[in-house]
Amino acid sequence: MTHDTHVTNATPEQVHAWLRNGEILLVDVREANEYAFERIHGALLFPLSTFDASALPTEGRKLVLQCGSGKRSLMAAHKLQAAGHVHLTHLAGGLQAWKAAGLPVIRIDPQTGRVVDDGRR
């Protein structure tokens, strides 16, 4: 049985709008230390190194995968497709593109060690 291997690229602005409207489940496939240092508000951590497609909550909202640059989220999408999931979307350019678009992140300030939430003003 073959599956469509197409993965839809979403822009940071699209993903941000979907998140605000509660339309998607954003899954961050980076490692825990990366997620702890900097992440998109509302993203669920699901590291690629321990990725289990069957453990993802796929009911209800559309799934959007995200990583640092877009490479690992594509790898995770292919793992999901191998498990029978279709119509997958990922954040093209990952967290780098998200920040380049000026969208908010939660991060650790390296100077103070404090959590900074750019989305909560």
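How many nonpolar, polar and charged residues are there, by class, in the lining of the largest pocket? Let's start the close-ups there, keeping in mind that this is a predicted model.

**View 1. The largest pocket and what lines it.** By class, the count for the lining comes out at 4 nonpolar, 3 polar and 3 charged residues. The space inside the largest pocket is about 190 Å³. There are 10 lining residues, and the closest to the pocket's centre are His 16, Arg 20, His 41, Pro 104 and Gly 119. Which element gives the largest share of the lining? That would be helix α1, residues 12–20, with 3 residues.

**View 2. The open sheet of 5 strands.** Read across this sheet and you get the order β1-β6-β5-β2-β4, with parallel pairing. At the edges sit β1 (7–10) and β4 (44–45), each of which pairs on one side only. Starting from β1, you'll find 4 bridges joining it to β6, and here Ala 10 stands opposite Leu 91. Moving on, β5 and strand β6 (residues 88–91) run parallel and are joined by 2 bridges, with Leu 65 of β5 standing opposite His 90 of β6. To get from β5 to β6, the chain passes through helix α3 (residues 71–82), making a right-handed β-α-β crossover.

**View 3. Strand β2 and its partners on either side.** Zoom in on β2 and look first towards β5: the two run parallel and 5 bridges join them. Ile 24 stands opposite Lys 62 in β5, and further along the pair, Val 27 has Leu 65 as its bridge partner. Now look towards β4, which also runs parallel to β2 and is joined to it by 2 bridges. Val 27 turns up here too, this time with Leu 44 of β4 as its bridge partner.

**View 4. How covered are β2 and β5?** In β2, 5 of the 5 residues are buried, so this strand is largely enclosed by the rest of the structure. In a regular strand, side chains alternate between the two faces of the sheet. You can follow that along β2: Ile 24, Leu 26 and Asp 28 point one way, Leu 25 and Val 27 point the other way, and all are buried. As for strand β5 (residues 62–66), 4 of its 5 residues are buried, which leaves the strand mostly covered.

**View 5. Asp 28, a residue of strand β2.** Is Asp 28 buried or exposed? Its relative accessibility is 0%, and because anything under 20% is called buried, Asp 28 counts as buried. Skip its neighbours within four places in sequence, and Asp 28 is in contact with Tyr 35, Arg 39, Ala 43, Leu 44, Leu 45, Phe 46, Pro 47, Gln 66 and Cys 67.

**View 6. Pro 47, in the loop between β4 and β5.** One of the contacts of Asp 28 is Pro 47, so let's swing over to this loop residue. Pro 47 is buried because its relative accessible area is 16%, below the 20% cut-off. Leaving aside neighbours within four places in sequence, Pro 47 is in contact with Asp 28, Val 29, Arg 30 and Glu 31. What separates the C-alpha atoms of Pro 47 and Cys 67? They are 20 residues apart along the chain, and the separation in space is 9.2 Å.

**View 7. The open sheet of 3 strands.** This sheet has the order β3-β7-β8, with antiparallel pairing. Its edge strands are β3 (38–39) and β8 (115–117), each pairing on one side only. Strand β7 (residues 106–108) pairs with β8 over 3 bridges, in the antiparallel sense. To spot one of the pairs, find Ile 108 and then its bridge partner in β8, Val 115.

**View 8. Val 105, in the loop between α4 (94–100) and β7.** With a relative accessibility of 4%, Val 105 counts as buried. Val 105 touches Glu 38, Arg 39, Leu 95, Trp 98, Lys 99, Val 116, Asp 117, Asp 118 and Gly 119, not counting residues up to four places away in sequence. Take Arg 39 from that list: Val 105 and Arg 39 are 66 residues apart in sequence, yet C-alpha to C-alpha they are 5.5 Å apart in space.

Methods:
Residues are numbered from 1 along each chain as its sequence is written. This is a predicted model: local features need pLDDT of at least 70, side-chain atom pairs count only at pLDDT 80 or more; totals for chains, interfaces and linings use all residues. Side-chain values use heavy atoms; hydrogens and water are left out. Buried means under 20% relative accessible area, exposed over 50%, partly exposed in between (1.4 Å probe, protein chains only). Contact means heavy atoms within 4.5 Å. On a 1 Å grid over the protein atoms alone, a cavity is a set of points where a 1.4 Å probe fits but cannot get out, and a pocket is an open set with protein on both sides within 12 Å along at least five of seven lines; lining residues have an atom within 4 Å of a point. Grid points are joined across faces, edges and corners, and a volume is the space filled by probe spheres set on the points. Ala, Val, Leu, Ile, Met, Phe, Trp, Tyr, Cys and Pro count as nonpolar, Asp, Glu, Lys and Arg as charged, and the others, Gly among them, as polar. Two strands pair if DSSP finds at least two bridges between them. A crossover is right-handed if, with the strands pointing away from the viewer, the path from the first strand over the helix to the second runs clockwise.
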